[in-house]
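Colleague: Pick one part of this model and take me through it closely. I'd like the atoms around it too, and then how it ties in with the rest of the chain.

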Amino acid sequence: MPAAKKDNKAPASSKNKGANKGASSPKRKTTLNRESSKFKGKIANANQVRFRRVAGIYELAVAYFVRSNGSDPAYTGGIIPHIESEPSHMSSCGITLITTLRNPDGTNEPLQKVNKSGNAYPVTVAVVLPDEGVTLSQATTNLSKTMSTIAANECRTEWNYGTPVFLNKGDSSPPTLLPLSHYLVDMDCITIMKRVFEGVDSKEELMNENDNRDEILSLVFGDANEGFQVVEAIEDNMYDEL
């Protein structure tokens with residue numbers, strides 16, 4: 001007769017019954033493993049995935065990837081293209097767009113960082129908007145795990161100094177949240193606007209038919225008039241392609 005299955009029920013009490021005299025305790029190992037953790041160095045030097053919430057648009061955030069020092073952009077190699085090419089990765093990580101960070105000086109240009117060799121490169125970021133029931137923290141954890149898995153498998157031949165690990169380091173939003181346009185160039189802002197809000201699929205629909213036009217533009221660009229000028233300057237066919 002097959003052995004009866006054990007029920008996976010939650011404990012009836014959280015008290016430490018094993019501390020009571022005469023109670024049976026879980027069997028402990030007689031010899032302990034006292035070696036240093038194999039992952040100690042990896043965790044200490046792990047790349048970080050952090051997110052910053054965007055003002056006005058609930059649960060929308062910009063995730064960015066930095067080295068263990070918490071400031072320099074992390075090298076991601078072919079990890080990002082692998083995520084972009086796989087819809088299931090994009091969905092599980094709550095990603096709605098992968099793009100580059102805007103220059104914080106206000107110009108409508110991507111930020112350029114200079115590496116040790118003197119070469120300039122843009123800073124990759126992911127715009128995260130999780131599905132209902134999934135928190136930003138959970139989506140960022142999924143993103144971190146996905147990046148680590150791809151690094152160890154599909155991209156394992158790219159690394160000269162050990163396979164990188166990515167960890168979710170949580171929310172690093174500033175005390176006063178900033179609008180989406182602080183992080184993304186204008187074209188990317190419009191792309192996100194079209195993916196998030198109703199009634200903005202065409203320029204005509206947004207500018208002349210949407211009663212919430214000014215509120216939407218204010219949420220995305222921080223100021224309705226500024227957003228109006230950005231959209232007004234774009235050709236209709238270009239707007240449609242975003």
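**Strand 2 and its surroundings**

Modeller: Let's go with strand 2, which supplies the largest share of the lining of the largest pocket, 4 residues. Keep in mind that this is a predicted model. The strand runs over 61–66, and strand 4 (112–114), strand 5 (120–122) and strand 6 (124–128) join it in each giving at least two residues to that lining. The space itself comes to about 840 Å³. Around it sit 29 lining residues, with Asp-72, Pro-73, Lys-113, Tyr-121 and Val-123 closest to the centre. If you're thinking about chemistry, the wall breaks down into 16 nonpolar, 7 polar and 6 charged residues.

There's a second largest pocket too, with a volume of about 540 Å³. It has 15 lining residues, and closest to its centre you'll find Tyr-75, Trp-159, Tyr-161, Gly-162 and Pro-164. Its wall counts 6 nonpolar, 6 polar and 3 charged residues.

Now step back along the chain from strand 2. The loop that joins strand 1 (47–53) to strand 2 holds Glu-59, and its backbone deserves a look. Most residues other than glycine have a negative phi. Glu-59, which isn't a glycine, has a positive one of about 65°. Glu-59 counts as buried because its relative accessible area is 16%, under the 20% cut-off.

Strand 2 also feeds the packing. The largest nonpolar core has 31 residues, and the ones that touch the most other members are Leu-180, Leu-184, Ile-190, Met-193, Leu-206, Val-220 and Tyr-239. Strand 2 and strand 6 each give two or more residues to this core, as do helix 5 (186–196), helix 6 (203–209), helix 7 (213–221) and helix 8 (224–232). So strands 2 and 6 turn up both in the pocket lining and in this core. For a feel of the packing, take Leu-206: leaving out residues up to four places away in sequence, it touches Met-193, Gly-199, Val-200, Arg-213, Leu-217, Val-231 and Tyr-239. A second, separate core has 24 residues, among them Phe-65, Ile-83, Ile-150 and Cys-155.

Ile-150 takes us to helix 4, where it is one of the buried residues, along with Leu-143 and Met-147, for instance. That helix covers 136–152, and its 17 residues reach 24 Å end to end between C-alphas, close to the 24 Å expected.

Helix 5 has a nice junction at its start. Val-185 sits in the loop between strand 7 (166–171) and helix 5, while Asp-186 is in helix 5 itself. Both are buried, Val-185 at 13% relative accessible area and Asp-186 at 14%. Beyond their neighbours within four places, Val-185 touches Arg-102, Asn-108, Glu-109 and Pro-110, and Asp-186 contacts Arg-102, Asn-108, Phe-221 and Val-230. Val-185 also lies 7.7 Å from Leu-101, C-alpha to C-alpha, with their positions 84 residues apart in sequence.

That fits the wider picture: among contacts with a separation of 6 or more, 63% join residues 24 or more positions apart. Overall, the chain has 9 helices and 7 strands, and 35% of its 242 residues are buried.

Conventions. Residues are numbered from 1 along each chain as its sequence is written. This is a predicted model: local features need pLDDT of at least 70, side-chain atom pairs count only at pLDDT 80 or more; totals for chains, interfaces and linings use all residues. Side-chain values use heavy atoms; hydrogens and water are left out. The expected span of a helix is 1.5 Å times one less than its number of residues. Buried means under 20% relative accessible area, exposed over 50%, partly exposed in between (1.4 Å probe, protein chains only). On a 1 Å grid over the protein atoms alone, a cavity is a set of points where a 1.4 Å probe fits but cannot get out, and a pocket is an open set with protein on both sides within 12 Å along at least five of seven lines; lining residues have an atom within 4 Å of a point. Grid points are joined across faces, edges and corners, and a volume is the space filled by probe spheres set on the points. Ala, Val, Leu, Ile, Met, Phe, Trp, Tyr, Cys and Pro count as nonpolar, Asp, Glu, Lys and Arg as charged, and the others, Gly among them, as polar. A nonpolar core is a set of buried Ala, Val, Leu, Ile, Met, Phe, Trp, Tyr and Cys residues joined through side-chain atoms within 4.5 Å. Contact means heavy atoms within 4.5 Å.
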